[in-house]
Amino acid sequence: TAYEIRPRDWSSDVCSSDLIEALARVLKAGSPVVFLLGGSAMSPRGQRAAARIATVSKSRFYSETFPARAARGGGLPDIDRLPYFPEAAMKAFEGVAQVVLAGALAPVAYFGYPGLPSRLAPEEKVTLLAEPGEDADAALEALAEALGAPASAAGVTPSPYVVAEGALSPQSIGRVLSNALPEG
């Protein structure tokens, strides 16, 4: 089912309620959607909102290939980066109804590859939820609310690494340091 996704209302820092409602209809209809996250969408708040959306929809989430900043750690969802090479990145967008940009630019190939387009997602399927620098985390939260998503979604549960007895190695040193890191 096709839904009209109208252009952004640029009068505020958060996308319009019409856009949120249109995206919610697409997601509620069971349409597969890929979200490309960047900027504040990769904050803990944005990632948790993305996880909430994923629990009630057929959505996949990727961060930009080279995010400027991304919160990581226990309790946050495991969000893959969009593959670097165009063939793999284009496969991520196959069969989707929409590609939603939340704080990210439209994905492009970094070099000219013979026989491959420079724009990796079909332009007619790209929807802008939030520009880089805008409140992408707030827009994702608004979408999660419109979907009636649960207030929280499970992230990756942290567990300490097992450190084997014996001589130190780069792996064992990394595990010891990881186990010793304080929360946050």
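A residue is called buried here when its relative accessible area is under 20%, exposed when that area is over 50%, and partly exposed in between. In this predicted model, proline 83 has a relative accessible area of 26% and is therefore classed as partly exposed. Proline 83 lies in the loop that runs between strand β3 (80–81) and helix α3 (86–92). When neighbours within four places in sequence are set aside, the contacts of proline 83 are with Thr65, Ala88 and Ala89. Glycine 38 is separated from proline 83 by 45 residues in sequence, and the C-alpha atoms of the two lie 14 Å apart in space.

The strands of the model are arranged in an open sheet of five, with the order β3-β2-β1-β4-β5 and parallel pairing. Strands β3 and β5 occupy the edges and have a single partner strand each, so one side of each is left without a neighbour in the sheet. Strand β1 (residues 33–37) pairs with strand β2 (residues 59–63) in the parallel sense over five bridges, and within this pairing serine 59 of β2 is the bridge partner of valine 33. Between these two strands the chain passes through helix α2 (residues 44–55), giving a β-α-β crossover that is right-handed. Strand β1 is also paired in the parallel sense with strand β4 (residues 98–102), again over five bridges, and here leucine 36 has leucine 101 of β4 as its bridge partner. Strand β4 in turn runs parallel to β5, to which it is joined by four bridges, with alanine 130 of β5 serving as the bridge partner of alanine 102.

The side chains of β1 were examined next. In a regular strand the side chains alternate between the two faces of the sheet. In β1, Val33, Phe35 and Leu37 point one way, whereas Val34 and Leu36 point the other way, and all of them are buried. The strand is accordingly described as mostly covered, with five of its five residues buried.

Two helices, α1 and α4, were considered together with their surroundings. Helix α1 (residues 17–28) comprises twelve residues and spans 16 Å from its first C-alpha to its last, which is close to the 16 Å expected at 1.5 Å a residue. Its buried residues are Leu19, Ile20, Ala22, Leu23, Ala24, Val26 and Leu27, and the elements that cover them include β1, α2, β2, β4, β5 (126–130) and α4 (136–146). Just after α1, glycine 30 adopts a positive phi of about 85°. In helix α4, the buried residues are Ala136, Asp137, Ala138, Ala139, Leu140, Leu143 and Ala144, and these pack against α1, β1, α2, β4 and β5. Glycine 148, which follows α4, likewise has a positive phi, in this case near 70°.

The largest pocket of the model encloses about 550 Å³ of space. This pocket is lined by 19 residues, of which Gly73, Gly74, Pro158, Pro182 and Glu183 are the closest to its centre. Helices α2 and α5 (170–180) each contribute at least two residues to the lining of the largest pocket. Helix α2 thus appears in several parts of this description: in the crossover from β1 to β2, among the elements covering the buried residues of α1, and in the lining of the largest pocket.

Key
Residues are numbered from 1 along each chain as its sequence is written. This is a predicted model: local features need pLDDT of at least 70, side-chain atom pairs count only at pLDDT 80 or more; totals for chains, interfaces and linings use all residues. Side-chain values use heavy atoms; hydrogens and water are left out. Buried means under 20% relative accessible area, exposed over 50%, partly exposed in between (1.4 Å probe, protein chains only). Contact means heavy atoms within 4.5 Å. Two strands pair if DSSP finds at least two bridges between them. A crossover is right-handed if, with the strands pointing away from the viewer, the path from the first strand over the helix to the second runs clockwise. The expected span of a helix is 1.5 Å times one less than its number of residues. On a 1 Å grid over the protein atoms alone, a cavity is a set of points where a 1.4 Å probe fits but cannot get out, and a pocket is an open set with protein on both sides within 12 Å along at least five of seven lines; lining residues have an atom within 4 Å of a point. Grid points are joined across faces, edges and corners, and a volume is the space filled by probe spheres set on the points.
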